[in-house]
Amino acid sequence: MMQEVLRLQNLQKSFGSVCALKNASLTLKEGEVVALLGDNGAGKSTLIKAISGFFPIDRGDIYVRGEKVSIRSTREAMDLGIETIHQDTSLAPDLSIARNLFLGREPVNLKWLGVFAPLDLAKLRDAASALLKRVGISKKLDADALISTLSGGERQSIAISRAMQFAARVIILDEPTNNLGVEETHGVLRFVKEMREAGHSVLLITHNIHHVFEVADRIVVMRRGEIVAEQTVADTDLLTVESLITGADLSSLMKRAL
Amino acid sequence: MVQTVMTIAAEDEMPVGKRRSSLIRSPQFSSLVILIVLLAVFAIADRNFLSPLNISNMMAFLPELGIIALGMTLLLTAGEFDLSVGAVFGLAPVVVMLLVQNGGWAIGIALLAGLVLCIAIGAINGLIVTKIGISSFLVTLSILLVVRGAALYITQGFPLKSWDQPGFFVTLLAGSFNIGAFRFYTSLWWFIGLSLLAVYVLRYAKLGNWISAIGSNRSAAVARGVPADAVKIWLFILTSVLAGLAGMISAFRISAASPVAGTGYELEVIAMVVVGGTALTGGRGTILGTIVGALMLRAIRNGIVLVGVPGLAYNIFVGVIILAMLILHALLQKNAARS
């Protein structure tokens, strides 16, 4: 029996009069890839932002490894082992790979100096090189290279390796294959499989249903702020999932058309 | 095996070569080359340019704008800017001198009050920009008017009567000393010390990493737990305090405070910073570049007069030289991106 890592219970969030999240409940187990699907405005972003500490939820409970937690900031989410990788907004293009990998968690000397503490540049560089080597992209990339010189796929690899490096329990991927080429997309999907093998739990948000069938174990579908369906990948098919997303019964429509 | 060895060798060699070429291509380096060329041109055109008297003169003015430029560099690197610095430069010494001359305050307390005022102005700038989310251009433009207006109102538009009380604080801010034929002001030490601090913070401290990250991609920094708003607010406060400090240094040096002092300084300071190679859009900042930029604008202002450009045509030259610098940076940037 795989252990439960993250449990969301009846999460609720409104922005003014708009109810963005209604009674959302979801469980994520160790080493499991769950795909979160839904049309634009279905509430996926609100859900992951709530988990990653961008804003407080109005009601509901979040449990990490069975313990009730409150997540009030991105920092607290990270400290609980929840790492979020946003579409293309996870890295600072003007900073080096090494500096990005440790952004917000910089190794420093003279810690008592607080924010004025000097970066441990040697450690920063060595750790970054070791990490790049471990994820197999050391040959091409220098830890001192600026992110702005990298391709979209390389950037996504850096963001993902950063999440894995901090041994995150839960890695949330927000549209990780957006704007990527075919080969780069496969690289990212391979990363997702590696994350699962390493025991991380992955919450994958995507519009590409084919990718879901390639890597996910379970599918959760949202519509108008609610979770409307939850199925294991083995028990469903593409058409069913598509109708769940749009709310129209596509499979019966198709049958009628045929 | 052979392949492994080759990879390792390549890895060992690459960074050195890369570092050298990236140094030459870096914006602060090209600014430095142009500064040297400019200095050479002025020196050849007029041999008084490098005379002790003229160098002393340039060094007297340099720290006053330079100190503000240090704060502005950090602020710009974080992606914001401050147009109210010239007005704060004017208001702070006016308030300090008024408190002493008319209010009978002790100078130390008055200086402290002046700094608290600068902190408040910076905090207002920062809070409105970050918490309400209005662009720093609009916020600091409005604050510029408020601050300048306040300076004019409390002085009724007249310069204060001249300052005639030397003392420890006055020496600390605007004392002077001679090295050979050169006469320097203590403000030069302030500038050097603050420059070293700023270089350290931006390049080597954790905070510098945050500042660059915030300007480069704010949401990425926030997602990594960097307190972007707090950092920006403190940078607004720092810039304001430095502007006030520079204003006090200037006022004590000439023994007078005028409510219109520092008019137009905001643009001159921003010019120094971007000419040095700091990106106006944030993310890329260089203190060394700013020092070069400050020297360059100072040298241009001074040299052009010596060379004999008519006073009224003078801003044409300043503008053209700044524009040429920016075009050069843009071209270098394009080149770097292509390679």
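A salt bridge is a side-chain nitrogen of Lys or Arg within 4 Å of a carboxyl oxygen of Asp or Glu. Keep that in mind for the exercises below, and remember that the model in front of you is predicted.

**Exercise 1. Where two chains meet**

Task: describe the interface between chain B and chain A, and find how many salt bridges cross it.

Solution.

Step 1. Start with the residues: 29 residues of chain B are in contact with 36 residues of chain A.

Step 2. Next comes the area. The size of an interface is often given as the accessible area lost when the parts come together. Here, chain B and chain A bury about 2,500 Å² between them, and carbon and sulfur atoms give 52% of this. Three residues, B:Lys206, B:Asn209 and B:Arg224, supply 31% of the area that chain B buries against chain A, more than any other three residues.

Step 3. Now count the salt bridges: there are two between chain B and chain A. One of them joins the side chains of A:Glu83 and B:Arg224, with N and O at 2.8 Å. A distance of 2.8 Å satisfies the 4 Å cut-off.

Step 4. Add the polar contacts: 13 residue pairs, both partners at pLDDT 80 or more, are in polar contact between chain B and chain A. On the side of chain B that touches chain A, two or more residues each come from α1 (2-25), α8 (186-204), α9 (206-216) and α10 (218-223) of chain B. The largest share, seven residues, comes from α9(B).

**Exercise 2. A covered helix**

Task: decide how many residues of α9(B) are buried, and find what they pack against.

Solution.

Step 1. The cut-off for buried is under 20% relative accessible area. By that rule, eleven of the eleven residues of α9(B) are buried. Among them are B:Lys206, B:Asn209 and B:Trp210.

Step 2. Look for the neighbours. In chain A, the buried residues of α9(B) pack against α3 (97-101). In chain B, they pack against α3 (52-77), α8, α10 and α11 (228-254).

Step 3. Move along to one of these neighbours, α8 of chain B, which holds B:Ser187. Is B:Ser187 buried or exposed? Its relative accessible area is 1%, so B:Ser187 is buried. Leaving out residues up to four places away in sequence, B:Ser187 touches B:Ala60, B:Pro63, B:Leu173 and B:Ile249.

**Exercise 3. Salt bridges within a chain**

Task: for each of three salt bridges, find which parts of the chain are joined.

Solution.

Step 1. The structure holds 20 salt bridges over all chains. In chain A, A:Arg105 pairs with A:Glu83, and the closest N and O atoms are 3.0 Å apart. A:Arg105 is in the loop between α3 and α4 (121-134) of chain A, while A:Glu83 is in strand β6 (residues 82-85), 22 residues apart. A:Glu83 has 2% relative accessibility, so this residue counts as buried. You met A:Glu83 in Exercise 1, as the partner of B:Arg224.

Step 2. In chain B, B:Asp229 and B:Lys131 form a salt bridge with closest N and O atoms 3.6 Å apart. B:Asp229 lies in helix α11 and B:Lys131 in helix α5 (residues 107-132) of chain B, so the pair ties together parts that are 98 residues apart in sequence. B:Lys131 is exposed, because its relative accessible area is 54%.

Step 3. Also in chain B, B:Arg301 and B:Glu268 form a salt bridge, with 2.5 Å between the closest N and O atoms. This pair ties together parts 33 residues apart in sequence, because B:Arg301 lies in helix α13 (residues 287-307) and B:Glu268 in helix α12 (residues 265-275) of chain B. Both B:Arg301 and B:Glu268 are buried.

**Exercise 4. Aromatic rings**

Task: classify the pair formed by B:Phe42 and B:Phe49.

Solution.

Step 1. Ring centres must lie within 6.5 Å to pair. Eight aromatic pairs are counted over all chains. For B:Phe42 and B:Phe49, the centres are 5.3 Å apart.

Step 2. Planes under 30 degrees apart count as stacked, over 60 as edge-to-face and the rest as tilted. The planes of B:Phe42 and B:Phe49 make 45 degrees, so the pair is tilted.

Step 3. Check the surroundings: B:Phe42 and B:Phe49 are both buried. Elsewhere, B:Phe177, B:Phe182, B:Phe184 and B:Trp189 form one aromatic cluster.

Key: Residues are numbered from 1 along each chain as its sequence is written. Chains are lettered from A and ligands numbered from 1 in the order in which they are written. This is a predicted model: local features need pLDDT of at least 70, side-chain atom pairs count only at pLDDT 80 or more; totals for chains, interfaces and linings use all residues. Side-chain values use heavy atoms; hydrogens and water are left out. Rings of Phe, Tyr and Trp (its six-membered ring) pair if their centres lie within 6.5 Å; planes under 30 degrees apart count as stacked, over 60 as edge-to-face and the rest as tilted. Buried means under 20% relative accessible area, exposed over 50%, partly exposed in between (1.4 Å probe, protein chains only). Contact means heavy atoms within 4.5 Å. Buried area is the accessible area (1.4 Å probe) that two parts lose on being put together, summed over both. A polar contact is a pair of N or O atoms within 3.5 Å; within protein, one must be able to donate a hydrogen and the other to accept it, and residues adjacent in sequence count only if both atoms are side-chain atoms. Helices (H or I, at least four residues) and strands (E, at least two) are DSSP runs, numbered from the N terminus.
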